[in-house]
Amino acid sequence: MSEPISRVRAWRDVLTTPLGGTAAVLVVVVLALAVVGPLVWGDAADAVDTGDILSVPSGEHWAGTDNLGRDILARVLVAARLSMLLAMGAITIAIVVGLVLGSAPFLLGGRAGRLVSAVVNVAVAFPGLLLALFFAVIFGVGATGAVLAIGLSGAPGFARLVQTLVAGLAGREYVAAARVAGVGRLRILVRHVLPNLAEPLVVNATIGAGNSLLAFAGLSFLGLGVQSPAYDWGRLLYDGLSALYVNPAAALAPGAAVLVAGLAFNLFGESVAKGFGVTDLAGPRVRTATTRPAPEPQVDHDPTDARPERDVVLEVRELRVGFAGRHGTVRPVRGVSFSVHRGEAVGVVGESGSGKSLTALAVTRLLGDDATVEADRLRLLGEDLLGAASPARRHLLGTSLAMVFQDPMSSFNPTRRIGRQLAEVATEHQGLSRADALARAVDRLAAVRIDDAGDRVRQYPHEFSGGMRQRAMIGMGLMGSPALVVADEPTTALDVTVQQQVLGLLASIREADDVALVLISHDVTVVGEVCDRVLVMYAGRIVEDLPAADLTSRAQHPYTRALVSSVPDMATDITQPLATIPGRPVGPADVPPGCAYADRCPLADARCRTDEPVLEETAAGGRVACWHPGGGPVLVGQDLLARPTGEER
Ligand SMILES: Nc1ncnc2c1ncn2[C@@H]1O[C@H](COP(=O)(O)OP(=O)(O)OP(=O)(O)O)[C@@H](O)[C@H]1O
C-alpha cells in the first residue's frame, strides 16, 4: 500500500508549502465564486441606476459603477462563472484535439505518424496568441469563436506533450508485455497508455486554465471576445478601459480578477507538478522496432541437432540486429543461430553488452523502429516471425509466447487491476467473456502460487510485493498456453529467497506443461542450475553452446571458462581478491577483426587476431567458436588471476 501513502504525502507537501497552499486556497475561492457568484450578486450586477453612472469607488460601490450605473464589483464577481466556463471549454478542446493529434503517431506509426508529428511541431512553433487571433478571425467575433480559437491554439502544445508522454510509455515493459500478448495498438493506447497520462494532463490542464483566462482577457481587449450584453472578466476589462480616466477601478477590478485567478491556477498546477514529479517517467525502457523481411530460409534444420524437427519451438538462424549510428550501422547482434526444443531450458549468459537482451527482444518482435532485425530464419512453432506484423502473428505471439522482464514493477500498468490485465489476454485471444477471463486469471494466479487469488485479482500492482508481481507476470504468460517463456533477468531485481521461488516456479511450469524456457542472466550459477543448455554470448555472437552440466568442468571456450572462474565457490580463498576477467568487453562499434575475445584471451595468437573462428560442433555435443578450443588448463577460482593476458604474453 505504499503508493496511496506516498500520494497522500505528496498532496500534504504541495498544500503545506506557502505557494502551493495559497494557490490552492485561491483556486477554491475562484471556483466557489463561479458557482455562487451569479446567485448571490446577480441582481446587483444587473441593477441599472442612471442617476449614478461612472461613479468612482465609494462605500456603496467599492469599485464604482459603469456607464449604466451598475455595480462593477458585483459584475466582476458574477463574471467569474462565464470566465471559468470559457476557460474550461477552451482547455477541454485543447486536450481533446491534443490527445487525438498526440496519439496519432503511436496509432498510425511509419510515415503517416511522422507527418502528424511534423505538423504538430510546426504548429507548436507559432505563438499561441497569434494562432488564437487567426482562429478568432476564422470563427468570428464572440464567445464561441473565442473558445474555439483559444482551445485550438492550445492544442499543439498538448499534442506535443501527449506525443512525448505516449512515446515514453510506449517503451515501458507493461506495454511491451501487452504487445507480446498480441493486444492491438488502439487497445494498448486506451487501456495502458492513456490512463497513465491522466495525472500530467490534469496538471497541465490546470496550468492551461490559468493561461486561457489570460488569453480571453487578451482577445476581449482586442474586441474579439465575449460580446455585450454577456460579460466575462475580459469583456469587463475592455469596457473598463474606455472609462479608465474617469474611474480606473472599472478596469483594475476585472484586471485584478484575471490576474489573481490566472496566477492561482498556474501556480497551483506548477506546485502539484513539482510535488508529484509528473514530468518524471523513469523506469526501464524496452527498446522499441520493425523487422526487415529476410530472404527465404536456406537451412532446414540445425545440423547439430539430433532431435526431430517437430520438437523445435524456436528456430533462430543468423539473427542480426543493427542500429544506424553516426559512423554507419553498428551491429550489437552479429549472426546468432540456435534452436530451442519443447520442454528445454536454454540459458543465455555473457557480460553486459554482449547482445543477450537484444537477441530476446528481436525474437519476441519487441524491437522498435530504430532497430533493423534481419535473419535467415526466425520461427516460432514453425511460423515465420519475420515480415510485416499480421493478426495471425499477433495471435501466435499472444498465445504461444510469454515474456518475463527484469523489473516486476514496470511490467504491469500501475493504473489497472492485476486481474483485468491478466484477463485481457484471454478476452483478446480466446474470445472468453470478461467473467470467464477473470475466472481464468484467478486460476492462473493460484497456479503461480499466489494465495487468495480471488481477492488478489482485484488489487493494483503496487499492492503486490516484488516477488508476487514477478509471479503474476509469469501467470499472465500462462493465460494462453505458451510453448516458450523468454525471461530476461527475471530475478535480478528480487532478493535471494524470492529469486529461488521465481526460479522454482519457472522450472515447475516447464516440467508440468513441457514449456520451453529461454533464461537470460548474468549469473552463470543460476543458469547452470536451471537450464539444460547454455549459450555463451560475447560481442554479439554465440561463442559457445554447451550442456549446462559441462559448464564448470568441460567448457571449451576460454571466455566460458573465465566466466565460470569469476564466480566464487566453496573452494575460493576469501583472503584473496576475487578473480575477474582482465580487460573490458568490446563495444558493438569497436569489434576487432579476428576473434573479438582475443585481446582478453590468454591463449590468443596471431591467427586469433586476423581470422574470426566459426561456431563448430564439438565432440561433446556442443558448439564452440575458438581456434584453441579446450586448450590450456581449466581455470578454476583464482587461478584465473595467475593467467597472463594476451598482451602480457
Ligand atoms: N537502441 C540501441 N542503439 C544502439 N545500440 C544499442 C541499442 N540498444 C542496445 N544497444 C547496444 O547493444 C549492445 C547489446 O545490448 P544488450 O542490451 O543486448 O546487452 P546485454 O547483453 O543484454 O547486456 P545487459 O546484461 O547489460 O542487459 C550494447 O552494447 C548496447 O549498448
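This report describes a predicted model, moving from its nonpolar core to two helices, its strands and the shell around its ligand.

**The core**

The largest nonpolar core has 192 residues. Helix α3, residues 72-108, gives the largest share of this core, 21 residues. Domain 1 (12-276) and domain 2 (312-559) both contribute residues, so the core lies between them. V76, A146, L484, V518 and V536 have the most contacts inside the core. As background, nonpolar side chains in soluble globular proteins tend to be buried together.

What does A146 touch, leaving aside its neighbours within four places in sequence? A146 is in contact with L86, A136, F216, L219, L224, G225 and V226.

**Helix α6 and Q163**

Q163 has its place in helix α6, which covers residues 143-170. Is Q163 buried or exposed? A residue counts as buried if 20 or more other C-beta atoms lie within 10 Å of its own. Q163 has 22 other C-beta atoms within 10 Å, so Q163 is buried. Not counting residues up to four places away in sequence, Q163 touches G102, P105, S117 and V120. Q163 and L101 are 62 residues apart in sequence, yet their C-alpha atoms are 8.0 Å apart in space.

**Helix α14**

Helix α14 runs over residues 418-429, and 10 of its 12 residues are buried, so the helix is largely enclosed by the rest of the structure. The buried residues are I418, G419, Q421, L422, A423, E424, V425, A426, E428 and H429. What covers them includes α13 (391-400), α15 (434-447), α16 (453-456) and α17 (466-477). After α14 comes G431, which has a positive phi near 65 degrees.

**Strands**

Strands of a sheet pair through backbone hydrogen bonds, either parallel or antiparallel. The table gives three pairings from this model, each with a residue pair.

| Strands | Sense | Bridges | Residue pair |
|---|---|---|---|
| β2 (residues 312-325) and β6 (residues 377-380) | antiparallel | four bridges | L314 and L380 |
| β6 and β7 (residues 383-384) | antiparallel | two bridges | L380 and E383 |
| β8 and β9 (residues 484-488) | parallel | four bridges | L401 and L484 |

L380 in β6 stands opposite L314, and L380 also has E383 in β7 as a bridge partner. The hairpin of β6 and β7 has two residues between the strands, and in this hairpin L381 takes a positive phi near 50 degrees.

The pairing of β8 with β9 belongs to an open sheet of eight strands. The strand order in this sheet is β8-β9-β10-β4-β11-β12-β14-β13, and the pairing is mixed. Which strands lie at the edges? The edge strands are β8 (401-404) and β13 (616-617), each of which pairs on one side only. L484, which stands opposite L401, is also one of the residues with the most contacts inside the largest nonpolar core.

**Around the ligand**

The ligand has 16 residues around it, and P332, S352, K356, S357 and L358 come nearest. Two elements, β3 (328-341) and α12 (356-363), give two or more residues to the shell around the ligand. Helix α12 gives the most, with three residues. How many residues of each class does the shell have? The shell has five nonpolar, eight polar and three charged residues.

Terms used: Residues numbered from 1 in each chain as written. Predicted model: local features only at pLDDT ≥ 70, side-chain atom pairs only at ≥ 80, totals over all residues. Contact = placed C-beta atoms within 7 Å. Near = placed C-beta within 6 Å. Nonpolar A, V, L, I, M, F, W, Y, C, P; charged D, E, K, R; others polar. Core = buried A, V, L, I, M, F, W, Y, C linked by C-beta atoms within 7 Å. Domains from an automatic or database assignment. Pairing = 2+ DSSP bridges.
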